[in-house]
Amino acid sequence: MSIDSPSVFKVLEIFRGYLGRNIYIILLLATVASFLEGLGVMMIYPVLSGLSAADGHTTASALIMYFILPVSEFSGESDLVTISLVLMVTFFILKGLFLLITHGMNYYLKSILLRTLKGRIKDKIQRSKYNEFIKNDKGWYQNIFSEQINKVLVAYIHIVQVFTHIISSIVYMCLALIISKYFGLVLLIISLLLYIIFRKLNLHVRKISHLLVTEYNLVNNSFLELLSNFKYLKTFNTQNYVSSRLDTSIKQVSHTEFRHGIYLALTMAIKEPIAVITIAISIFVQLKMFNVPLELILISLLLFYRSLTSILNLQVATQTLFSNLGSVEALAEYLRQPARLDEKGKVAVEQSDKLIELRDFSITMDNTNEPLFTIDELTIAKKEFIVIKGRSGSGKTTLIDTLTGLNVNYHGHKKTYVSSQSLPFLNVGYVCQDPVIFAGTVLQNITMRSVNTAEDEVATNKLLVSFGLMEFVSSLHNKLHTVIGSGGVELSGGQKQRLNIIREFYKNPDILILDEPTSALDAVSSGIVNACLTHIRHKICVIVVSHKDDLDHFADKMYSIEGAKVVALK
Ligand SMILES: Nc1ncnc2c1ncn2[C@@H]1O[C@H](COP(=O)(O)OP(=O)(O)OP(=O)(O)O)[C@@H](O)[C@H]1O
Ligand SMILES: [Mg+2]
């Protein structure tokens, strides 16, 4: 058989991991269907020979008679040709029935596979640590979530076909052996020859399929870049830089897909000639050298042809499977690595006035040996107002990402305390340096819920007023229910920033962290945000990263990252 056996079984094992034992039921159903088909074909034998020529002592006839005799006794019908025809039709109807169930179940399992894979990838991404997540780019994630899953589905259909063809090849080979040892033997030899010929080709196709995974990543990345930076690229007409990279990667991927297709075309093209040549030689040898009766040649020919077609289709299915194996293996590899849920240092410990404590602490980025900064001791207590300063690139955002638990690449001690008995972890509000707007309405963007109550609207309106955004929202055609962001109303940089701050205020956090919250705001809007921050001062813990000094005199503590060291200024 023209397959790389260990790999095919390994792939079956991967799919079993996604679908459970259901995959074996499909194979069992397919076996029964193949067997019924084989029996149906065998019933032609008595019809062809008119039974008179059948040698009652051969195994072939014995097997056929095994089915014919009970029917004859039961029905009282003595014309064995009629019985054979009825049996043949019955076997084929039954085969059709089994095939219907097999295909139905196959498509059902394919839909389950789609759901399982998309769900598992989504869960895995959600559970990934930030440091792990950023190892791959967005194009990579998009690629495995759409393109690669589709290829895995194609691979699934073909792994089932591979095993179905293996089973029917074996069934036919056995039946051919029963009827004629000669044909059975020829089949065996041809299968081995095909295995040797196609083995190398299959491995090559597998290599190409791995290459395609990487190439599709490049295409997706460049395409995402074109979309996300469209405004900039359009303004300065610098699309060529990105679009030429996209062109190159598309060209590359289409070239590889073509190479890939050529191998499949080759196999498809030589399939029929191989079958016909083998059959012609076999008939010639049997007729001329062994004087075998024609009806025996015809029936074994039928089984032989079916079996050979099965073996050759097995090769086509194996090759198509191997063409998509890169995707199957890439996805299995990604899903195999366990995403750890527990976050370093984010363990709830005893209640205290403190919230977070860092000692003998240092952060080293992945690509350098020198620490970005070190901290001898930094304690953040409940209801403190803390300002963090430092030049651009000194590590302020990295420090904050470490406090929120996003960044876990650090050395030293970090302890996070529970803020109240009802919450297992700190309830953190985090206004990122780059504002985030989700697809949805103003209200949904603030509450982060699809369905909201009247109370949610009241609370949101109150915050909109506090942050000076009410006038703008009232001017929108659907007020709070206007869709914003991509596909909806675009917001200005400052409006986005204020909306992000409101979202975090809405959470009622124990600790509110803001990374440059007023960088995009004018003096008036900055004043409003600062007033809101000072209003919650000493009600909750506030940590603000700011280049401006207008909050400095409100700070209980002030830190600055200077010369790769966090120093207390206040
Ligand atoms: N994921 C990352 N991998 C490697 N290096 C990173 C990563 N993120 C940030 N850095 C590097 O770490 C340093 C600190 O970055 P960070 O964003 O913390 O600076 P910052 O003080 O917040 O600067 P800014 O005031 O400009 O926002 C920078 O030199 C940056 O290049
Ligand atoms: Mg920053």
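## Exercises around helix 13 and its surroundings

Lys396, Thr398, Leu399, Ile400, Asp401, Thr402, Leu403 and Thr404 are the buried residues of helix 13. Buried means under 20% relative accessible area, exposed over 50%, and partly exposed in between (1.4 Å probe, protein chains only). Helices (H or I, at least four residues) and strands (E, at least two) are DSSP runs numbered from the N terminus.

Before you start, note that this is a predicted model, in which local features need pLDDT of at least 70, side-chain atom pairs count only at pLDDT 80 or more, and totals for chains, interfaces and linings use all residues. Residues are numbered from 1 along each chain as its sequence is written, chains are lettered from A and ligands numbered from 1 in the order in which they are written, and side-chain values use heavy atoms, with hydrogens and water left out.

**Exercise 1. Find the protein donors of the magnesium ion (ligand 2) and say where they sit in the chain.**

Step 1. Look for donors, which are N, O and S atoms within 2.8 Å of the metal (3.2 Å for Na, K and Ca); water is not among the atoms, so sites may look incomplete.

Step 2. Two atoms turn up, OG1 of Thr397 and OE1 of Gln433, at 1.9 to 2.2 Å from the ion.

Step 3. Place them: Thr397 belongs to helix 13 (residues 396-404), while Gln433 is in the loop between strand 6 (428-431) and strand 7 (440-441), so the pair links distant parts of the chain, 36 residues apart.

Step 4. Check exposure. Thr397 is partly exposed at 26% relative accessible area, and Gln433 is partly exposed too, at 37%.

Step 5. Now return to the helix: eight of the nine residues of helix 13 are buried. Gly405 follows this helix and has a positive phi, near 95 degrees.

**Exercise 2. Describe two residues other than glycine with a positive phi, Asp360 and Lys383.**

Step 1. Asp360 has a phi near 40 degrees. It lies in strand 2 (residues 354-363) and is exposed, with a relative accessible area of 54%.

Step 2. For Lys383, phi is about 65 degrees. This lysine is found in the loop between strand 3 (373-381) and strand 4 (385-390), and at 45% relative accessibility Lys383 is partly exposed.

**Exercise 3. Which residues line the second largest cavity?**

Step 1. Set the terms. On a 1 Å grid over the protein atoms alone, a cavity is a set of points where a 1.4 Å probe fits but cannot get out, and lining residues have an atom within 4 Å of a point. Grid points are joined across faces, edges and corners, and a volume is the space filled by probe spheres set on the points.

Step 2. There are two cavities of 30 Å³ or more, and the second largest has about 30 Å³.

Step 3. Its lining consists of Lys271, Glu272, Ala275, Tyr305, Thr309 and Leu312. Helix 10 (239-290) and helix 11 (294-323) each give at least two residues to this lining.

**Exercise 4. Work out how the protein's radius of gyration stands beside that of a compact globule of 570 residues.**

Step 1. The radius is taken over C-alpha atoms, and the globule rule is 2.2 Å times the number of residues to the power 0.38.

Step 2. The rule gives a value near 25 Å, but the protein has 35 Å.

Step 3. Add the dimensions: the C-alpha trace spans about 110 × 50 × 50 Å along its principal axes.

Terms used:
1 Å grid on protein atoms, 1.4 Å probe; cavity = no way out; pocket = protein on both sides within 12 Å on 5 of 7 lines; lining within 4 Å.
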